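Me: Could you take one part of this structure and walk me through it closely, with attention to backbone angles, burial and contacts? I would like a connected account rather than a list.

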Amino acid sequence: MINGLTVDLEDWYHICGVEGYSDPQKWDTYENRIIRNTDKVLTLLRTYKVKATFFVLGYIAFKEPGLIKTIKSEGHEIATHGFYHKRIFEMTEREFEEDVNKSISVISSNINERVLGFRAPEWSIRKNTLWMLNALRKYGILYDSSMVPLTRMGYRDYPVYPCCYNTDYGKIWEFPLTTTRLFWERLPFTGGLPLRLCPYFYIVSEIKKINRMGFPAMVYIHPWEFDKEQPRIDLPLSRRFMHYFNISATPRKTEGLLSNFQFAPIKNILGITT
Ligand SMILES: [Zn+2]
């Protein structure tokens, strides 16, 4: 079984809903750490000969076209993470279309190839923003990887494994965040704070369990999780915990997973060709 490896390509200050940081006009004033942090991720992937999907923020593609070309030249898939890192439920349909279309234009002209996949900033697709799938398909996106089947984050009735949705413009695949059942809820464990908190042996055994059932799991990382020296943003306590807690565990655990499992970009796992 081959699992999905994904990288949300954004810098340390791309945080939604925090004054001073969610305003794109301020972004140019912050220190650019994306090149060196992405380099750490690329080195790790090269070492283990693993190819991943990079969900690239359009803003980064616009600022650093060379970086996106480098990632592509190393054989990774380039997909989109939107342009301005805005949560879906804070946009109108029209605003979302503009944002995603802008990101697709910049990214596809960088790589000279069609962009096939999308991931919403902060997994922000909710039950009342499913119109997003229609808009994505309208602009040629063939898969989304934004749904979280949890009560507190996404929507608890979202799919747990990859599946297809019908839209006005044709079918679109969904590869949801990997979760496991824990009593009456589900528990994420393959990226972000949950990856940093869960014991490594537990993560390995849960991925193996999902693979034994015949399904791929999906791991996600961010370049800023490979940067212990990044400037610390003065976040509210719960978000500070979510963002920075045990940050040095991400490179260590990712390396362990790369040596234990086989990974591929999402489009390969879903068998999407154009
Ligand atoms: Zn993001």
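Reply: E122 sits in the loop that runs between strand 4 (117–118) and helix 6 (131–138), and in this predicted model its phi is near 55 degrees, a positive value in a residue that is not glycine. That deserves a remark because most residues other than glycine have a negative phi. E122 counts as partly exposed because its relative accessible area is 29%, which lies between the cut-offs of 20% for buried and 50% for exposed.

A positive phi of about 55 degrees is also found at H85, again not a glycine. H85 belongs to the loop between strand 3 and helix 5 (93–111), and it is classed as buried because its relative accessibility is 7%, with the limit for that class set at under 20%. H81 is likewise buried.

These two histidines lead to the metal. The zinc ion has as its protein donors E10 through OE, H81 through NE2 and H85 through NE2, at distances from 1.9 to 2.1 Å. Written along the sequence, the donor residues follow the spacing E-x70-H-x3-H. Water is not among the atoms, so the site may look incomplete, a point worth keeping in mind before the zinc ion with its donors E10, H81 and H85 is set up for any calculation.

Strand 3 itself, residues 77–80, is covered on both faces: E77 and A79 are buried on one side, while I78 and T80 are buried on the other. The division into two pairs is expected because side chains in a regular strand alternate between the two faces of the sheet. Strand 3 pairs with strand 2 (residues 53–56) in the parallel sense, over 4 bridges, and within this pairing T80 of strand 3 is the bridge partner of V56.

For a wider frame, an unreviewed UniProt entry places the feature "domain: NodB homology" at residues 24–274. In the model, that span is 41% helix and 15% strand, and the C-alpha atoms at its two ends lie 33 Å apart.

A contrast to the covered strand 3 is offered by the surface, where L182, F183 and W184 form a nonpolar patch with about 430 Å² of accessible area together. L182 has its place in strand 8, residues 179–182, and it counts as partly exposed because its relative accessibility is 39%.

Note on methods. Residues numbered from 1 in each chain as written. Predicted model: local features only at pLDDT ≥ 70, side-chain atom pairs only at ≥ 80, totals over all residues. Heavy atoms only, no water. Patch = residues over 30% accessible without salt bridge, like charges linked within 9 Å, V, L, I, M, F, W, Y side chains within 5 Å. Areas by Shrake-Rupley, 256 points an atom, 1.4 Å probe, with all protein chains shown as cover. Salt bridge = Lys/Arg side-chain N within 4 Å of Asp/Glu carboxyl O. Buried < 20%, exposed > 50% of the residue type's maximum accessible area, 1.4 Å probe, protein only. UniProt positions renumbered as here; feature names shortened; annotations may be inferred. Pairing = 2+ DSSP bridges. Donors = N, O, S within 2.8 Å, 3.2 Å for Na, K, Ca; no water.
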